[in-house]
Amino acid sequence: SLDAPEKTFTMTNGNGANVGANAVNSNTPGKFAFFAVDGYEDTYYIYSVDAGQWFDYDLAASYSNAKNFVKMSDTQGNYFKITKCAQNTEYYEIRPYNTTGVAGKYLNYFQGTDDSSTLGLWQQNGDTDPGSRYLLTDTSIEEVEPEALSTEYCYQIVNRAYGSALKDIDGQAGVA
C-alpha cells in the first residue's frame, strides 16, 4: 500500500460540487494526493486517500463528452494535465491525455451531479464552464484555535533575529 502522502487536498468545482472519495459528487469531499509524473510538466497521478485507489481512465485516440470517464483503480494508471485557469487563477482545470498528447476535454460532472456518475468529460474549459474548474484546498494544514495561542509571551524581531520575552506585570516586555 501507499505511504500516507505529505499533502492532501479536497477538490470542489466552480459550481460548489465536491469530488467525493470515489470521484462521484458527495456532501463529504474526498482527500486526494497528486503525484508528479517524471518528464512531464504540470502532469500528475491523482490518488484518492480515502478510497485507497487511483483515478484512471481508458486511454484512447480521442474522447467524447460523457459521464463516468474516471474509473477507480487499485494500480497507478493514467495521468492528468493540471493547470491553473487563465482568468480564474485560484482554480485548476484537469485534462486527460490521449494517445497523441493532452486531450481537449476537461474533467466535469457532465450533465449535472444528481446521480452517482463519476467525473466525466466536457469540452469547455474552466474559464467558460465553472463545472470544469476545481478549487484544491490543502487539508494538511492544521487549523490553530485562537484559545490555543499563548499570551504569556510577546515576540519581537531585532535585526532579523527572533526572540521572545515574558511580559511584565505592566504589559511591557521584560527579560526572560
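This passage walks through the nonpolar cores, the aromatic pairs and one buried loop residue of a predicted model.

A good place to begin is the interior. The largest nonpolar core has 23 residues. Val-19, Ile-46, Phe-55, Phe-80, Ile-94, Leu-107 and Leu-119 are the members with the most contacts inside this core. Several strands feed into it: at least two core residues come from each of strand E1 (9-13), strand E2 (32-36), strand E6 (80-84) and strand E7 (92-98). A second core, of 5 residues, lies apart from the one just described, and includes Ala-33, Val-37, Tyr-47 and Trp-54.

Val-19 gives a helpful view of the surroundings of one core residue. Leaving aside residues up to four places away in sequence, Val-19 touches Met-11, Val-24, Pro-29, Gly-30, Phe-32, Phe-55, Tyr-109, Leu-119 and Tyr-134.

Aromatic residues come next, with a count of 15 aromatic pairs in the model. One of these pairs joins Phe-9 and Phe-34, whose rings meet edge-to-face at 5.8 Å centre to centre, with 65 degrees between the planes. This pair connects distant parts of the chain, since Phe-9 belongs to strand E1 and Phe-34 to strand E2, 25 residues apart. Phe-9 and Phe-34 are both buried. Tyr-63 and Phe-69 offer another example: the ring centres are 5.0 Å apart and the planes stand at 80 degrees, so this pair too is edge-to-face. Because buried means under 20% relative accessible area, Tyr-63 counts as buried at 13%, and Phe-69 is buried as well, at 10%.

Beyond pairs, Phe-35, Tyr-40, Tyr-45, Tyr-47, Trp-54, Tyr-79 and Tyr-97 come together in one aromatic cluster. Tyr-47 and Trp-54 in this cluster were already met as members of the 5-residue core. A charged residue also takes part in the aromatic picture: Arg-133 lies over the face of Tyr-91, at 5.3 Å from the ring centre.

The last stop is Thr-118, found in the loop between strand E9 (106-108) and strand E10 (120-122). With a relative accessibility of 14%, Thr-118 counts as buried. Its contacts, not counting residues up to four places away in sequence, are with Asn-22, Ala-23, Val-24, Lys-67, Asn-68, Phe-69, Val-70 and Tyr-109. Some of these names are familiar by now: Phe-69 is the ring partner of Tyr-63, while Val-24 and Tyr-109 are also touched by Val-19.

Notes
Residues are numbered from 1 along each chain as its sequence is written. This is a predicted model: local features need pLDDT of at least 70, side-chain atom pairs count only at pLDDT 80 or more; totals for chains, interfaces and linings use all residues. Side-chain values use heavy atoms; hydrogens and water are left out. Helices (H or I, at least four residues) and strands (E, at least two) are DSSP runs, numbered from the N terminus. Buried means under 20% relative accessible area, exposed over 50%, partly exposed in between (1.4 Å probe, protein chains only). Contact means heavy atoms within 4.5 Å. A nonpolar core is a set of buried Ala, Val, Leu, Ile, Met, Phe, Trp, Tyr and Cys residues joined through side-chain atoms within 4.5 Å. Rings of Phe, Tyr and Trp (its six-membered ring) pair if their centres lie within 6.5 Å; planes under 30 degrees apart count as stacked, over 60 as edge-to-face and the rest as tilted. A charge sits over a ring if NZ of Lys or CZ of Arg is within 6 Å of the ring centre and within 35 degrees of the ring normal.
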